[in-house]
Amino acid sequence: MLKTIEGFNRIGEENAFAVLARATQLAAEGRDIINLGIGQPDFRTPEHIVEAAVKALRDGHHGYTPATGILPLREAVAKDLHRRLSAEVSPDNVVIVPGGKVTMFMAILMFGAPGVDILYPDPGFPIYRSMIEFTGARPVPVPIREENGFAFSAEETLSLLTPETRLVILNSPANPTGGVTPRAEIEALVEGLEARPDIAILSDEIYGQMTYDGAPHCSLLEFEAVRDRLILLDGWSKTYAMTGWRMGYAVWPDQLIDKARKLAVNAWSCVNAPAQYAGLAALEGPQDAVAEMMREFDIRRKLVVEGLNALPGVSARTPMGAFYAFPNIKETGWKAKPLASALLEKAGVAVIGGPDFGILGEGYIRLSYANSAENISRALTRMRDFLDENAA
Ligand code: PLP
């Protein structure tokens, strides 16, 4: 019997992948499945980005690159952050990683250990808690409340800090709720955290360019007071429909950058070279594909919210960011996970049960509207028929 470390008794997963596997299996058996489960844009990566990767290979860019990424790409990231957020970032603080997720893995590994507290959003991206548990640190959920528009509360977050807190994880715009935290709340949080220079902040802004109705994205990068301990997580997956390319980046503060570089050297040496050239083309090329994708998501967002609110026992807030709706299903009488499972097995609609994103996700399900308007309408009809026939 092999004896691995204890953390493996606690490490979790992302149930969205299990739902995807089951949906794929049912489809292979001939069932007509509408997938509103998976969190990836259903658009193709824009052509000029694909071409840049092909050209990079033809030009002979097939070897190792510096561990933190090619300099032109790190420079382009810094320039993009300046263009979008007016933030001054040195390319020396940027680390290109194989997917945005890798930055949370690195940050949680850096700070997580028995005796340490790490705050994370609940409901939130499941890997935060999974990795915190893996390290043996104490996961401290920060409740993300529907009545608060699914924004995090500065006051509540600050009230959960202890002398043992080493890392606070923030996510806005948020998965799974689509919530966007207003600037005033972020300002209040930053002000509170100024008294605790021993706490690092991981701000997951992977959906930073995905907001609606002109709702501005407020980045933690804008706050000088915490820049010396801010880790910014971002990447290409969502903005440029590049989930399978595995391209992400982080901005690390001076006091952590060398540790981040060493983790990169130890774990993956460098990110796939042609993918880095694709990332460069994405940042330097035309941005109209991003705007076009967001216009389409906006149409679907309205469709999905209107349709959900017409279902018996279901009420949905209008998400202000990302491409998820997180309807309240408490009045249906169903628990969230059995409902998600029944919708897939009986109605052929894949969604994710709220508890897959944390204890406070009970009473909610997540629908990703990364699917065609036609399929979303069909899914809503199926959900209506199912709920009419299956009162819990
Ligand atoms: N952060 C959040 C909040 C996400 O929802 C996701 C992906 O779903 C990621 C990070 C990871 O993105 P990537 O696919 O680039 O690893």
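## Two turns of the chain in one loop

In this predicted model, Pro 173 sits in the loop that runs between strand E5 (165-171) and helix H7 (183-193). The bond leading into this proline is a cis peptide, joining Ser 172 to Pro 173 with omega at about -10°.

Pro 176 is in the loop between E5 and H7 too, and here again the peptide bond is cis: Asn 175 and Pro 176 are joined with an omega of about 10°. For context, most peptide bonds are trans.

## A positive phi at Ser 86

Another backbone feature to look at is Ser 86, found in the loop between helix H3 (71-85) and strand E2 (94-97). Ser 86 is not a glycine, yet its phi is positive, at about 55°. Most residues other than glycine have a negative phi.

## Around the ligand

Now for the ligand, which has 14 residues around it; Asp 204, Tyr 207, Ser 237, Lys 238 and Arg 246 come nearest. Two of these also turn up in polar contacts. Ser 237 has a polar side-chain atom 2.6 Å from an oxygen atom of the ligand, and for Lys 238 an N or O atom in the side chain is 2.6 Å from a ligand oxygen.

Asn 175 brings us back to the loop between E5 and H7. This residue is joined to Pro 176 by a cis peptide bond, and a polar atom of the Asn 175 side chain lies 2.7 Å from an oxygen atom of the ligand.

## H4 against H8

Next, the helix pairs. Helix H4 (residues 101-111) packs on helix H8 (residues 254-267) at an angle of about 115°, and their axes are 11 Å apart. With that angle, H4 counts as roughly perpendicular to H8. The crossing is right-handed.

Who meets whom here? On the H4 side you'll find Met 106, Met 110 and Phe 111, and they meet Leu 256, Lys 259, Ala 260 and Leu 263 in H8. Sorted by class, the contact of H4 with H8 has six nonpolar residues, one charged and no polar.

## H2 against H9

Helix H2 (residues 47-58) and helix H9 (residues 273-284) pack at an angle of about 140°, their axes 8 Å apart. Roughly antiparallel would take an angle over 145 degrees, so H2 and H9 are oblique to each other. Their crossing is right-handed.

H2 supplies His 48, Ile 49, Ala 52, Ala 53, Ala 56 and Leu 57, while H9 supplies Pro 274, Tyr 277, Ala 278, Ala 281 and Ala 282. The contact of H2 with H9 divides into 10 nonpolar residues, one polar and no charged.

## H10 against H12

What angle do helix H10 (residues 288-309) and helix H12 (residues 373-389) make? They pack at about 10°, with axes 10 Å apart. That makes H10 roughly parallel to H12.

From H10, the residues in the contact are Arg 300, Leu 303, Val 304, Gly 307 and Leu 308; they meet Ala 373, Ile 376, Ser 377, Leu 380 and Met 383 in H12. Broken down by class, the contact of H10 with H12 has seven nonpolar, two polar and one charged residues.

Definitions and conventions:
Residues numbered from 1 in each chain as written. Predicted model: local features only at pLDDT ≥ 70, side-chain atom pairs only at ≥ 80, totals over all residues. Heavy atoms only, no water. Axes fitted to C-alpha atoms, helices over the stretch in contact; angles between N-to-C directions. Helix = DSSP H or I, 4+ residues; strand = E, 2+ residues; numbered from the N terminus. Parallel < 35°, antiparallel > 145°, perpendicular 65-115°, else oblique. Left-handed = near helix turned anticlockwise from the far one by under 90°. Contact = heavy atoms within 4.5 Å. Nonpolar A, V, L, I, M, F, W, Y, C, P; charged D, E, K, R; others polar. Near = heavy atom within 4 Å. Polar contact = N/O pair within 3.5 Å; in protein donor to acceptor, adjacent residues only side chain to side chain.
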